[in-house]
Every structure is written in structure tokens, then in C-alpha cells.
Amino acid sequence: MIQSETLELLEWHRLCQHLSTFAATKLGATAARHLKIPDSQAESEQLLEQTKEVYQLESRLTTGLSFEGIQDIGDSLERAERSGILTGDELLAIATTLAGARNLRRVIDNQEDLPILTNLVADLRTYPELEQEIHRCIDERAQVTDRASQKLGEIRTDLRRLRTQITQKLQNILQAKAGAVQEQLITQRGDRYVIPVKAPQKDAIPGIVHDTSTSGATLYVEPNSIVPLGNQLRQIIRKEQAEEEAIRRVLTEQVAAVKPDLERLLAIATTLDLATARSRYSFWLGANPPRFINREESEIITLRHLRHPLLVWQQQHEQGQPVVPVDLFISPQIRVVTITGPNTGGKTVTLKTLGLAALMAKVGLFVPAREPVEIPWFDQVLADIGDEQSLQQSLSTFSGHIRRISRILDALGTGEAEEQGSGGAEEKLGTQQRQSDATCFKPFGFAVPYGGKPSFRAVSPGNPSNAVAPQVGEPAHAAGSSALVLLDEVGAGTDPVEGSALAIALLQYLANHAQLTIATTHFGELKALKYEDERFENASVEFDESTLSPTYRLLWGIPGRSNALTIALRLGLKPEVVEQAKSQVGEATDEVNQVIAGLEAQRRRQETKATEAQNVLQQAERLYKEVSEKATALQERESALRASQEVAVQQTIAQAKGEIAQVIRRLQQGTPTAQDAQQATNALNQIAQKYQPATPPKPKLGFMPKVGDRLRIPKLGQTAEVLTAPDHDGELTVRFGIMKMTVKLEDVESLDGQKAEAVVKAKPAPTVVTPPSQPAPAIRTSQNTVDLRGKRVADAEFILDKAISEATGPVWIIHGYGTGKLRQGVHTFLQQHPRVSNYEAAERADGGSGVTIAHIK
């Protein structure tokens, strides 16, 4: 009984009503309005996991989880089991429910990290063959289709033929007796076809009168000539109805055969809808998932910026006042918190807010507070809030409080929520209350009602395969040590001295028997309990003396002042009365109030400094973030510039190589002369100056090229082979590719970047003079190239001897690869020829080992 009273005092039914507005189905809304409070922490954690997974799933989906098509088919299933015949609308509802459930399972199965929901729908059977059969036999207008059976198709063909005959005959009568009819119209009365005949001329069209107009001027007559056809039509319609009923009977039997699976399907869909409603309501509240803590492990109750969910709803939907949040930080050793302060300051709202937060966490809802949300799992939430004064039951304010507190203590001590041995009036109240309790459902594990009746098994969160709905009215009490007790104005309504003594004894008892008790009071003696017992803590609601109004903020560690005289003055009581009352207040009380006022002022100063420090910290974090972002932007810009420079260098190198290739191609065309070679050299020098960096790196000294060494020519960006050592003028001959050229010592460097040593001359200031006639660079042309492929060695020697004797520079000899005999013969001939100084294989670009270059002395 006390459990139901507590839910009523906390206005739990209003919260459930708000939750039901977020449900997508009728059954989901009904289940939300009759939420059962779980009996175990494991069940609550299971419900929370469901809510979290639906919350996560809906954040991924564009349109959210859809329950389209799912309907309340419970009554239909019951009638099918009792051999009733379902209507077309009922059969269609079953088919759409199957399709909707299948869609839900498909959406959940497509996600990878939803173990609770996946397990919930794992064994869901949606019977697509039954759905298809229903849609085959029932159209979207809930009518049986022609294709449902061959017999029905034939009957309806006869019906259409017969109706056509009747219509044709009536049309002929209308044309023949146009003067006797009221208008050219064929209509029906019941299942008989009639035409409107003028009353004075009824004898012109003999037949059966089925109806008369209101004025009596028109008779609706079925001509005698179509009466036999009308009778025949009626018989065929009876056959059609019988066949339709037979088809619906077959479908109903198929539904009845799978009734347990369909009931389970409906329960799972309702469970998902309820979880979705919890998720959407939590999202709307801006709530966060709670974590159940164990206070025995020194964990602190943490509820920052906790808001009353009903006040949030009132603010959003009823244009209420802004909701002032409260902060609750309760150490693990604290068992009793006494909240003091002025009336209308928010003490009672704080009690209700905490009570609703505990209940919301138990049923799988998120709590409207900032993260982290850490709260114990209370097996009972018991409250004495408000005034239970009753003239009907001869109960005063004090008596009402004591009776309710007695029921709370009974629930804590024995697990029984009803008083034993009460008077007749009390027993009558308890009986009425128990009867009221028995009318409630306990959805999920809930008995989902069919039209207001619990009628099938619901899905248990822990074991969805064998769930049984709890019986209505069964008790859910456990050990009192895990209870949350909320007491409003404890000890009020009687003599202050006795009431204070009773309140102290009660709170000390609750400190031993309940996990947490929150009590509001105006008794100053209760404020001192904190200093006598470490399990007690003080809190107060803040009062702004400048505006003479409460701020609704909860202050911890400081007892509050009632400020009754200040509030009385604000509410209009005459000042002289208030002053007289102040003179009656003892000096000790005045000193205590001054101490409390000083503590409150000190607390406000500390809060101001803490706020300023927090602002400075936030500003520092913001500046650090800005500097970090700028540093990151600079690094990214530097990387981008470096990348663009590398791209530009690569493009420049490619362009320079292209221009060099053009110079080489010009030299290869025709017979090169010394002038051509000089022009090519100048062009290469211009290319080198064009693409050479403005500030080359500092050269490394100590390198002297030797014949056969490989070196680099930076101006040309080429690697060359040394053919002759540097002369006294510091010039040497190099070859790169098919080109030979003379370069200066200062224009080359080793492969590791070392610059060549300068040539020491006897003259103090030697001048480098370009010889008047430079030898032409070694360039391959058609005139200095001999193709010996396909020749025998003897013939090749004759052709080769003639070419060498006429040559003025290197000769390129193409002998190919083949078996290698021709190449061997050519090399033997070159070794013995007096004009050949040496020979070598050509570069890969010129044919590699298939071409030999003979150098002439």
C-alpha cells in the first residue's frame, strides 16, 4: 500500500503519461502508462541497456526506428483461438503487424553492436507465408479478392453477368416508359434493383414497390420482368458470402495455429516500442544514462544539475517557469540528510526530484542530470510528502503523517506495506487502496493488455524465451537497508518540543534501517545532529534577502534559516506585528541565525571566487585551444608549401630535361659540326643558368676527378663519366648518354656533393681561354653508325674497316644480340685495328650490349 501511496505522492502517473506520448503503438502507450517498477537491479540494468541501444540505434538512423503497421491484434488472436471468424480488417491488421515486426528485426540485425536488441529479436517469427496468403486473399479495402479461390471467382463472374442483364433490362424499361419515370436512374433498395416511378403512373410499370420518397411522389419499383433475375441475384450473393466466409475461416485457422508465436511477436514489438519511448523521452529531457553505484565501496551519489522532469514538461508544454536544477553530492557514510530553510524555498520539490530520479533509473529511463549520473539502486522508494488530513477518516495533519510513517517503518522492517490491527476506517481505506492497486497492470515485464485486459505472457528482459507476466497486485518489497525514504516536514503538526524529539528518534531509527533518508524540517534541534553523528548531513535552500524571495538553490553543509518573519513581511503582514515577533525571538536563536547568515555569506564569496577561477580556467583553455589550432594551421601550411615547392621543382626538372632532349635531337639531325656543337653547349649552359637555384648549397672541397670516375654536372642536372683528366686549364672531357663535352673543373662535383679542387697555376691570375676550335662532342648520327646485323663475320670486317678508316670520331657498331658470334668477331677485329684506341658497349638508351662504340685515335 505504501508503495502505491509513494507513487501517487511523487506524481509518478503523470510522468508515465508523458512517457506514453513518445510511444509509437497503442500497446506501447498502454505499457508506458502502467510501468512496473523492477524488483531487481539486474532487471533495471537490462532495461537501461535496452534504452541505451535504442538511443544509439536511433542516432544512426535518418528517420528513427519505425513501428509502421504494428497494431493491437490481441482481441483478434483471442477470437481466432475460440474458433471465431476474423474480418478482413482484422486479417489485414495481422498481416501488417507481421510486416512491421519483420522490418524491425531487419533494421536491428543490420547493426553490429546491439547485443541486447539482437538477442531480443533473435527468435522472432514473422511468418511471411501467412502474410502473403492474407494479402492474396484480402485486398487493401479488406474485401476478399476474386483470386482467393476458383469457386469465388466463378461466383463473381456470374454476379457480374447477372447484374449486367438486370441493368440492360431496366435501361430498356426506362427508355420505353420515359413518361412514367421520375428520372432516368437505376438504383438499389437493399439488394434489389429499382427505378423511380411517378406515383400517379405506377400502373404503367407493374412491379414490386420497395420504397417511397418522403413526399410520396416517387415510388421505387422493381419491375415484374426482372423479379426472377433479382431472386437469382440474391441466391448468388448468398453463395458469394458463404464462400468469402469459408476463405476467412481458413485464414483464421492459420492464424490460430500460430497464436503463441504471434503473441510473442506482439510482446517483443511492444517491448521495443517501450524501449524506444524511454529513449525518445530521455532525449527530449536532455537526460543522461545513470550508473548504479555501491555505497559500501565508498562511491558518492552524484547528481549534478538534477531537474524535476514534470517541471521540465510544464515549462515546455504549459509555459511554466524556468526549472532551477539542484546538485546532490552525498558521501557514502551519509545516511540522513536534513534540509532546512524557508517555506516555498524548494525543499519539497527537491524530495520529489530525487524520488523521481531513483524511480526513473529503476525503470530504465535516463535521469535529467549532467554526466556522470551515479545513484544507488534502491529496492524501495518510500515517501511521506504533503498533508494527509482527512475529515472523513477523523485524521488530523499529525495523525495522517504518523500513520503513513508507520506504514513506511513496517515496509522497512517486515516487508509488509499494510498496517496490522488498524481501526475500521483505516481498514476500509486499506481495502479500497488494495482494490485500486489490483486494477493496475505491470508492463514489462508487463502484461500487455488487450482492450484493457492482461491476457498473454510478456517478455522478461533477462530471459525472453520463457517470460511470464507477474500477477497483478503482487508485492515487490525487499530488505529495508536499500530503501530511499523521503520525509516532508518530519515531526510537524504537534507540540514543537515533542515533535522535535519524535523527529530526532525517527531519523536515528532510519539511519540504522534505510540506505538513505532525506527529510525536510524547521526544527533547529535537527540541525545539530550532524555534529553528533557522522551519518547525518545538513543542507538548506537558499534565500535572497535582497529580494526577499527564495532562489530554489540547494546549499550543502550549512543549515538554513526559516526566515518566517521575513517571508511574513513580504507576504503583507503588518510591520509592527513582525517587529513585535522579532522582539520575542530569544538572543540565542538570533545569534545562531547570525552565525548561519555569516556562513551563507562566506559560502557565497567562495562560490563567487570559484566561479571567477572557473572563468579564468575556461579562458586559459580557450586560449590554449586557439594557439594549438594556429600552430596546427601553420604546420599544415608549411607542409602544403613544401609539397607545392617539391611539385614545382619536379616540374622544372621535367621541363629542363625536355629542353635538353630537344638540343640533343637537333644535334642528331644531319652532320654535326663544331659550330653546332658550340651552339648546343651554349644552349645547355643557358638551360643550366635558367633552372639552377639562385643560392646553391655550400660546396664541399677536396675532390679531383680521375678517368673513369662518375661525377655530376649541376648546371645540366646530369651524371657523366670522366674521359680525360683535368688539364692545366682546369678542363676535362666527360660523356653522358651519347654526348661528349668539355667542361670546367668548377662546374662538376662528386656524386656525394664535393666540389673539385682548383688547379694551381704558376701564373698569379690565369685566364681560362676557350680553344678556338673545340672538338665536336661525341654524338651518334647516321654517318658514324654501322649496322652489321645479319652479316657474316668476314663481310662485317670489310664493312667495319672501311667505316673506321673514314671516321673522324667514335663509330657506333650495331651487331645485335643473337648468338654472340658476330659481337665476338667485331670485338676481336677492333682489338687488332691500329686506329682503334678502345671500345665499349653503348648506353642502354643506345642499344646496350647490342651496340659497340669504337673510339678512334
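Strand β27 (residues 851–856) is mostly covered in this predicted model. Of its 6 residues, 6 are buried. Val851, Ile853 and His855 point one way from the strand, and Thr852, Ala854 and Ile856 point the other way. Both sets are buried.

Two strands pair with β27. Strand β25 (residues 811–814) does so in the antiparallel sense, over 4 bridges. In this pairing valine 811 stands opposite alanine 854 of β27. Strand β26 (residues 836–841) is also antiparallel to β27, and here the pairing runs over 5 bridges. Alanine 841 stands opposite threonine 852 of β27. Glutamate 840 faces isoleucine 853 of β27 in the same manner, standing opposite that residue.

These strands belong to an open sheet of 4 strands. The order is β24-β25-β27-β26, and the pairing is mixed. Strands β24 (785–787) and β26 form the edges, each pairing on one side only. On average, neighbouring strands of the sheet are turned by 20° against each other, direction ignored. Helix α22 (residues 821–832) packs on the sheet. This helix touches β25, β26 and β27. The direction of α22 makes about 155° with that of β26.

Helix α11 (residues 259–285) takes part in two helix contacts described here. The helix has 27 residues, which should span 39 Å at 1.5 Å a residue. Its end C-alpha atoms are 38 Å apart, so the span agrees with that expectation. Helix α11 is mostly covered, with 21 of its 27 residues buried. Just after the helix, glycine 286 takes a positive phi of about 70°.

The first contact to consider is with helix α5 (residues 74–81). The two helices pack at an angle of about 170°, and their axes are 11 Å apart. Helices α5 and α11 are therefore roughly antiparallel to each other, since angles over 145 degrees count as such. Gly74, Leu77, Glu78 and Glu81 in α5 meet Lys259, Leu262, Glu263 and Leu266 in α11. The residues of this contact divide into 3 nonpolar, 1 polar and 4 charged.

The other contact joins α11 to helix α12 (residues 309–317). Here the packing angle is about 70°, with the axes 11 Å apart. That angle makes α11 roughly perpendicular to α12. Helix α11 contributes Tyr281, Trp284 and Leu285 to the contact. Helix α12 contributes Pro309, Val312, Trp313, Gln316 and His317. The contact of α11 with α12 is made up of 6 nonpolar residues, 2 polar and no charged.

Helix α9 (residues 150–176) also has 27 residues. This helix reaches 40 Å from its first C-alpha to its last. The value is close to the 39 Å expected at 1.5 Å a residue. The buried residues of α9 are Leu152, Gly153, Ile155, Arg156, Leu159, Leu162, Ile166, Leu170, Ile173 and Leu174. An α-helix has 3.6 residues a turn, so residues three or four places apart point the same way. Leu159, Leu162, Ile166, Leu170 and Ile173 are among the buried positions of α9. What covers the buried residues of this helix includes two strands, β2 (192–198) and β4 (218–223). Helix α10 (227–257) is also part of that cover.

Glycine 708 lies in a loop, between β17 (700–703) and β18 (710–713). This glycine counts as partly exposed because its relative accessibility is 39%. Leaving aside residues up to four places away in sequence, glycine 708 touches Glu721 and Val722. Threonine 724 is 16 residues from glycine 708 in sequence. In space the two are 8.3 Å apart, C-alpha to C-alpha.

Across the whole protein chain there are 22 helices and 27 strands. Buried residues make up 43% of the 857 residues. Contacts between residues at least 6 apart in sequence were also surveyed. Among these, 68% join residues at least 24 apart.

Methods. Residues are numbered from 1 along each chain as its sequence is written. This is a predicted model: local features need pLDDT of at least 70, side-chain atom pairs count only at pLDDT 80 or more; totals for chains, interfaces and linings use all residues. Side-chain values use heavy atoms; hydrogens and water are left out. The expected span of a helix is 1.5 Å times one less than its number of residues. Buried means under 20% relative accessible area, exposed over 50%, partly exposed in between (1.4 Å probe, protein chains only). Contact means heavy atoms within 4.5 Å. Two strands pair if DSSP finds at least two bridges between them. Axes are lines fitted to C-alpha atoms, for helices over the stretch in contact, and angles run from 0 to 180 degrees between N-to-C directions. Angles under 35 degrees count as roughly parallel, over 145 as roughly antiparallel, 65 to 115 as roughly perpendicular and the rest as oblique. Ala, Val, Leu, Ile, Met, Phe, Trp, Tyr, Cys and Pro count as nonpolar, Asp, Glu, Lys and Arg as charged, and the others, Gly among them, as polar.
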